[in-house]
Amino acid sequence: MTVRTRFAPSPTGYLHIGGARTALFSWLYARKHGGQFVLRIEDTDLERSTTESVDAILEGMTWLGLEYDEGPFFQSERFDRYKEVIQQLMDEGHAYRCYCSRERLDALREEQMTNKQKPRYDGCCRNLGEYPEDKPHVIRFRNPQEGVVVIDDMVRGKIAVQNAELDDLIIARTDGTPTYNLTVVVDDHEMGIDHVIRGDDHINNTPRQINILKALGADIPKYAHVPMILGDDGKRLSKRHGAVGVMQYREEGYLPEAVINYLVRLGWSHGDQEIFSPEELIQLFDVEDVNSSASTFNTSKLLWLNQHYIKESDPAHIAHHLSYHLSKLEIDPTNGPNLLDVIKVNQERSKTLVEMAHNCAIYYKEFSEYNAKAAKKAFKPEAVEVLEKMSEKLMRLPGWHRELIHAAMEQTVEELGVGFGKVGMPLRLAVTGGAPAPDLDLTMSLMGLETCLRRIEKAIDFINEKNA
């Protein structure tokens, strides 16, 4: 049997981190079993669904590398089919028209709650003698009143729900538009979805959907309801906890593989292993191993993973993702040293790509000011002689690499009879402005002779003006 899973977000906002984890679990399960992963956009809420949200979902999926085999399918393009199915259910006696007013239903709900009963429709219109079509009405599914629905949940185990606990849910609104529980059933059936992996906030819908599937004579998929993600305060993850949209993590400088690796570990594990390649995840992941309890989001752990991937990744791969952050700083990496060389010296020093982009800036852009605290300490009047001598020696070097630059610094120290810091401190501030940088000789070798000489001259002028 070929496994077919789906991810079916509603386009009413960004791709939430919880939704991304559900998509990841569905994607991994399909890949593990050589199956297909389908993307379906559930946009029947025409007032709240937006093109911008669709684009955000697609962008998030692409950034994470969760490629889909079919889709995206849009529910808004299938209204005619839903109407056909609703009519079929009506014709076969599995659905009926309900004429109850909003006022009656509100009063019924209030009475039930006063009596500490579970709010539910009382079946008032279930067995009417006449069902006129011209009166305002909704369509309700005629839920079985006896028996039990058994869900063999792949995460939670066996769940049994008595049909007597379920009321007759609405499957078509007064304006004729279908509701979620109808559209999701039709689509899962007709798209051949045999494994439904989704959040446990849908678990109350599942027995209702199974009954509709049975009424249609459809096969029942296997269900896996994964637990929610909590913030570090134990409450459901939301904006108050920080970034919850997938692309916000791109904005903050995370690599997609770090986010993927972190998400998969929210509720799933393989021994004590923390780092997984995509191939390992596909081989090892099984939705039946997902924990049934909620997981807590830990930003520090995600940051640790991101730093690991930055350190270990190929510089060319980092450059691909870093270019986005460089462009935001208006940095053109073709106007300066080889970007891969600059990345290599910053991999150990950067926890995020945002931090790396700022660390790279000194190689490609002129800084406008010096670190004030560092300038007060390093740019004393005697620093002019140090910088002038260094400039002379650098211009006479037979080549340009860090060993020769370091030798020129040592010669300056010896000739002036000062400590190495008296040379290194003003020279570092002169060429970097006070920005974080690796060893000075390495930094200067990457910057190039022309840039170093220009910045040393600028520093000399700054010191002279300050002490004039």
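Start by selecting Phe25, Trp268, Phe276 and Phe285, which together form one aromatic cluster. Keep in mind as you go that this is a predicted model.

Within that group, zoom in on Trp268 and Phe285, both of which are buried. Next, bring up the wider set of ring pairs: the structure holds 11 aromatic pairs. One of them joins Tyr262 to Phe297, in an edge-to-face arrangement with 5.0 Å centre to centre and 75° between the planes. Colour by secondary structure and you will find Tyr262 in helix α8 (residues 256-264), while Phe297 is in the loop between β12 (295-296) and α10 (299-312). The two residues are 35 apart, so this pair links distant parts of the chain. Tyr262 counts as buried, at 6% relative accessibility, and Phe297 counts as buried at 6% too.Now go back to Trp268 and Phe285: their ring centres are 5.6 Å apart and their planes stand at 50°, so this pair is tilted. Trp268 lies in the loop between α8 and α9 (278-284), and Phe285 lies in the loop between α9 and β12. The pair therefore ties together parts that are 17 residues apart in sequence.

For a change of scene, show two lysines with their tyrosine partners. Select Lys135 and Tyr99 to see the lysine over the face of the ring, at 5.3 Å from the ring centre. Then select Lys458 and Tyr370, where the charged end of Lys458 sits over the ring, 5.9 Å from its centre.

Helices come next. Display α11 (residues 315-328) and α13 (residues 353-364), and look at how their axes come within 9 Å and cross at roughly 75°. With that angle, α11 is roughly perpendicular to α13. To see the contact itself, show side chains for Ile318, His321, Leu322, His325 and Leu326 on α11, then add Leu353, Val354, Met356, Ala357 and Cys360 on α13. Coloured by class, this contact has eight nonpolar residues, two polar ones and no charged ones.

Finish at Lys389, which you will find in helix α15 (residues 383-395). Is Lys389 buried or partly exposed? Its relative accessible area is 22%, so Lys389 is partly exposed. Leaving aside neighbours within four places in sequence, Lys389 is in contact with Thr412, Glu415 and Leu416. As a last step, draw a line from the C-alpha atom of Lys389 to that of Leu24: these atoms are separated by 59 Å, and the residues are 365 apart along the chain.

Definitions and conventions: Residues numbered from 1 in each chain as written. Predicted model: local features only at pLDDT ≥ 70, side-chain atom pairs only at ≥ 80, totals over all residues. Heavy atoms only, no water. Axes fitted to C-alpha atoms, helices over the stretch in contact; angles between N-to-C directions. Helix = DSSP H or I, 4+ residues; strand = E, 2+ residues; numbered from the N terminus. Parallel < 35°, antiparallel > 145°, perpendicular 65-115°, else oblique. Contact = heavy atoms within 4.5 Å. Nonpolar A, V, L, I, M, F, W, Y, C, P; charged D, E, K, R; others polar. Buried < 20%, exposed > 50% of the residue type's maximum accessible area, 1.4 Å probe, protein only. Phe/Tyr/Trp six-rings, centres within 6.5 Å; stacked < 30°, edge-to-face > 60°. Lys NZ or Arg CZ within 6 Å of the ring centre and 35° of its normal.
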